[in-house]
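Visitor: I would like a close look at a single part of this model, with its surroundings described carefully. Please begin with the part itself and then set it against the chain as a whole.

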Amino acid sequence: MPVSASAIYFLNLRGDVLINRLYRDDVGGNMVDAFRTHIMQTKELGVCPVRQIGGCSFFYMKISNVYIVIVVSANANVACAFKFVVEAVALFKSYFGGAFDEDAIRNNFVLIYELLDEIMDFGYPQNLSPEILKLYITQEGVRSPFSSKAADKAVPNATLQVTGAVGWRREGLVYKKNEVFLDIVESVNLLMSSKGSVLRCDVTGKVLMKCFLSGMPDLKLGLNDKIGLEKESQLKSRPTKSGKTIELDDVTFHQCVNLTRFNAEKTVSFVPPDGEFELMKYRITEGVNLPFKVLPTIKELGRTRMEVNVKVKSVFSAKMFALGVVVKIPVPKQTAKTNFTVTSGKAKYNASIDCLVWKIRKFPGQTESTLSAEVELISTMTEKKAATKPPIQMEFQVPMFTASGLRVRFLKVWEKSGYNTVEWVRYITKAGSYEIRC
């Protein structure tokens, strides 16, 4: 496994070393001079965060008024190094009351050295979870006077977390009401031609959870994804039930998911962290259910007039509705006057973005709305050039609808005490980059 760091330096904006830590002896202690000479003094900061100088690689990131520089001479895992920096900064902020700058570093030298020894060993990142480290590094940092974040309370009984068994959840949690909230949030990315044919379409989604459960519960989530249903039918020796199955691409999980069990049974099993977290992310490129169809017609009537007609049709069920629908129709910069007729919502001309903005607060399913507009343009003497027109853009949010068709088949909670739980499931589809060519 490639190392992530041979040394780490914390520098201020002048290039002075605030604090540093050498993890391996394959780089010299003066390597930071090369960073100052070849990068800071040549004004190349921000051009590329990865540089090679004299056989060593430098990875750097600016946080507030501090540069964090990682130096490594061997083959390095760059993504892991930057991930380490981001997680380390989040850890320092949790100790310093939300602040991370030059003053916070100067006020917490001893604590930072102790944390740097714990979170990396011989160039390999270790546990960076604030909840766990605070169980056995109980020293409090010098908190910023401007911090409004309350100090976290120390939690006893750190044995389970320190051994790494379940590092994201502490023991002894007790709730009067045991509840699980699960949200499937999807963003639709679309590029459609003016005639209604789809040129590009995909869905990016994430499963968000909020758990208020006592003890150490084991959760099992079943979705209507193709691989999971096929595996279940094999294990139970019976055919798959009819219904739509979804093929998920680029799936990534939270660290709490049992990957061994997922590979064997294709079910998402996990001991959840307490509170809110992102369980998984995914992408879908086939079988996307578009929530809206947009049919624009734009006619140029001479040099000073335009006629704009846009029809928007909701394709989802009549029992559902969309909220916050906004349609942005681009018009020329020389627009002087506009007259609108809309079947629902309100429309106006926004000169700052050169668009007709049509807003509909609530859009029921299986309905149509139209906008008709007459646009008067300022006459110009210059010859009109043929240019590519910007696409129509759309914003919306459809509760209880998923463009992918993904559904929760079951959400089971097991805990040795056998308490009852209340599960809440919600679906939301939003517009990502939803564009229609004129």
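Guide: In this predicted model, tyrosine 113 is partly exposed, because its relative accessible area of 34% lies between the 20% limit for buried and the 50% limit for exposed. The residue sits in helix 4, which covers residues 109–119, and together with Phe109 and Val110 it makes up a nonpolar patch on the surface, where the three have about 260 Å² of accessible area between them. For the chain, the exposed area comes to about 23,300 Å², of which carbon and sulfur atoms supply 51%.

Serine 193 offers a second point of reference, since its relative accessibility of 14% falls under the 20% that defines a buried residue. Serine 193 is placed in the loop that links strand 8 (179–192) to strand 9 (198–212), and its side chain forms a polar contact of 2.6 Å with the side chain of serine 197. When residues up to four places away in sequence are left out, serine 193 touches Leu199, Ile436 and Arg437.

As for the wider setting, the chain has 438 residues, 42% of which count as buried, and its secondary structure consists of 8 helices and 23 strands. Among the contacts in the chain with a separation of 6 or more, 70% are between residues 24 or more positions apart.

Key:
Residues numbered from 1 in each chain as written. Predicted model: local features only at pLDDT ≥ 70, side-chain atom pairs only at ≥ 80, totals over all residues. Heavy atoms only, no water. Helix = DSSP H or I, 4+ residues; strand = E, 2+ residues; numbered from the N terminus. Buried < 20%, exposed > 50% of the residue type's maximum accessible area, 1.4 Å probe, protein only. Polar contact = N/O pair within 3.5 Å; in protein donor to acceptor, adjacent residues only side chain to side chain. Contact = heavy atoms within 4.5 Å. Areas by Shrake-Rupley, 256 points an atom, 1.4 Å probe, with all protein chains shown as cover. Patch = residues over 30% accessible without salt bridge, like charges linked within 9 Å, V, L, I, M, F, W, Y side chains within 5 Å. Salt bridge = Lys/Arg side-chain N within 4 Å of Asp/Glu carboxyl O.
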